[in-house]
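Please look at the structure below with some patience, moving from a single residue outwards to the whole chain. The paragraphs that follow take up its parts one after another.

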Amino acid sequence: MTVANLNDPHNPAPLTPEELYPAPVKTVEAGSPAERAGVRPGDFLLRVNGAAVTDVLAYRHALSLGKATLEMARPIAAPQVMTGVPGTAQDHHRLFMPQEPGLGETFSFDVEWEDPGLDFEEVLFDGIKKCANKCDFCYVHQMPRGFRKSLYIMDDDYRLSFLYGSFVTLTNLTEGDINRILDENLSPLYVSVHTANQELRQDLMRWWKLKVKDPQAVQIRGMIERLESIDLYTQIVLVPGRNDREHLDDTVEYLSSRPNVLSAAVVPIGLTSHRTNLPDVRTFTREDAQDSLKRLNIWRKKFLNERGTRFIFPSDELYLLAGEPLPSEEEYEGFPMLENGVGMIRDFLTGGMDAELPAALPQPKRVILATGALFAESLDLAVEPLRAIEGLTLEVRAVENKTFGKVTTVAGLLTGRCFRHAVKPGEADLLLVPPTTLRYGTELMLDDTSLTELRKEFKMDVQAGGATLGELARVILNAATSSGHQWGMSAHAVKDSGKADSVQIQVAEQGMRGQA
Ligand code: SF4
């Protein structure tokens, strides 16, 4: 490992503003090459092997080539703006304009087939790629005002798709992006297809009027075919009377003909009461859902016989709307689309209670299990075994969505405001809210209400419930048998704590995960 001072006048490396995406270092691993080189949290990565680095993927790719020189900088003043949202790199950028005096200390160090030991504040150093669409079903356009800004970011970034499984439309890809996806084998990607009919897709997503200069270049069929070496998980958001019925059959037929398409999730449109400047769309009815399921079941049977996979996976919401039973655990084939609202309820129900339930609680406890209207009935049936515990009074409460409107019935979009309308102070000992209502790794809801605030206001313990029935039972029993508050965030909620809000809302809008 060598450490060099880049302020050395003999060092020719110019600091070109256009090329710099300074990436703030979050942590430095103890004993790592970076630590030995004197790198500290708050320093910035400027380049690797003389080239600007746009994101962690490019960083890892550069390291994977063997020998790497990392150019670092230490700002004179501590960075002032550090939001946790990908896409805010401009703020760091200003600090490093070379014409500005006080660039600070710059230095470099070398590694060879070694992890430098750096972790960054953000995964995207050059900012998030925004979406070029205005979909009829976009949740961002249907959000009430007043939430934190990060929730209104309309991202459509293939890098987040690869890193976190968020869905992208591919309508904003440049030639450079396509080549990079292929060269770096960014596989799998998650693609919102909606329909294989190009004109209909443009109509649904309305992007031809917006920022896409050459619609021909981003035709969905052409794009899927160009990305033939990349595995694609796809989704179809069904808009009644638009891309369902025969159009749905055509889309499924096309997707199934492409070897790189691994599966297609089918989700009904989600509406809120805040649809401004968007066309009128009616809600997905029971009859719509039944028609879609009937068609999809024919395809599923055919694909299972012919290729050993059902290929098409209708979302939980589609089954609930149609009033039809959920598929068995086996039919979800390992739950590859769990976070897209496909199989969450089955996963919740089959995540068994491995511990024996006690016959009675030491003290009687009243527990409210809050969820969205869509899942309340199923949850009520599912928790029936817990009601055998003497002293436990368990009520499943369907909470109306006061923020997005009554039409929004999924649990993931409930906010503090909704719970305040649904629960009276002191009416229970414990309130369990669905884990999906919380931002990943935090106890904050979409409207920034925290569980701590609710505990104070409701004068009761408030915790995140479980992502499975077994987990839910454990949270209830832990809380009921101990004094004081216990933080019961679900394992599912914790594991993705690095995700951005924009990714979270994509999950939340589709999800009925956990309680559910
Ligand atoms: S749904 Fe997604 S792709 Fe469509 S407008 Fe909204 S953010 Fe963009």
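Why does threonine 106 count as buried? Threonine 106 has 21 C-beta neighbours inside 10 Å, and therefore it counts as buried, since a residue is called buried if 20 or more other C-beta atoms lie within 10 Å of its own, exposed if 12 or fewer, and partly exposed in between, with C-beta atoms placed from the backbone. Before going further, please keep in mind that this is a predicted model, in which local features need pLDDT of at least 70 and side-chain atom pairs count only at pLDDT 80 or more, while totals for chains, interfaces and linings use all residues. Residues are numbered from 1 along each chain as its sequence is written.

Threonine 106 lies in strand β6, where helices (H or I, at least four residues) and strands (E, at least two) are DSSP runs, numbered from the N terminus. The C-alpha atom of threonine 106 is separated by 5.6 Å from that of methionine 72, although the two residues are 34 residues apart along the chain. Strand β6 pairs with β5 in the antiparallel sense over eight bridges, and two strands are said to pair if DSSP finds at least two bridges between them. In general, the strands of a sheet pair through backbone hydrogen bonds, either parallel or antiparallel. Within the pairing of β5 and β6, alanine 73 stands opposite threonine 106. Alanine 73 in β5 also stands opposite phenylalanine 44, and strand β3 (residues 44-48) pairs with strand β5 (residues 67-74) in the antiparallel sense over four bridges.

If you follow the chain onward from β6 (105-112), you come to the loop between it and β7 (118-120), and this loop holds glutamate 114. Glutamate 114 is partly exposed, because 15 other C-beta atoms lie within 10 Å. Its C-alpha atom lies 7.9 Å from that of leucine 63, a residue 51 positions away in sequence.

A record adds an annotation to this part of the chain: an unreviewed UniProt entry gives "domain: PDZ" for residues 25-56. UniProt positions are given here in the numbering used for this model, feature names are shortened, and annotations may be inferred rather than shown by experiment. Over residues 25-56 the chain is 16% helix and 34% strand, and the end C-alpha atoms are 12 Å apart.

Next, turn to the ligand, whose surrounding residues include Cys131, Cys135, Cys138 and Asp156; a residue is taken as near a molecule if its C-beta atom, placed from the backbone, lies within 6 Å of it. The shell around the ligand divides into six nonpolar, two polar and two charged residues, where Ala, Val, Leu, Ile, Met, Phe, Trp, Tyr, Cys and Pro count as nonpolar, Asp, Glu, Lys and Arg as charged, and the others, Gly among them, as polar.

Further along, four strands form an open sheet in the order β8-β9-β10-β11, with parallel pairing. Its edge strands, β8 (189-192) and β11 (312-314), each pair on one side only. Inside this sheet, β9 (residues 232-238) and β10 (residues 261-268) are joined in the parallel sense over seven bridges, and isoleucine 236 stands opposite valine 266 in β10. Helix α8 (residues 246-256) lies across β9, β10 and β11 and runs at about 180° to β9; such angles run from 0 to 180 degrees between N-to-C directions, with axes as lines fitted to C-alpha atoms, for helices over the stretch in contact.

Another open sheet has four strands in the order β13-β12-β14-β15, and here too the pairing is parallel. Its edge strands are β13 (390-399) and β15 (461-464), each of which pairs on one side only. Four bridges join β14 to β15, and leucine 430 stands opposite aspartate 461 in β15. From β15, Asp461 and Gln463 point one way and Val462 and Ala464 the other way, and all are buried.

Finally, consider the protein chain as a whole, which has 17 helices and 15 strands. Buried residues make up 45% of its 516 residues. Among the contacts in the protein chain with a separation of 6 or more, 77% join residues 24 or more positions apart, a contact being two residues whose C-beta atoms, placed from the backbone, lie within 7 Å.
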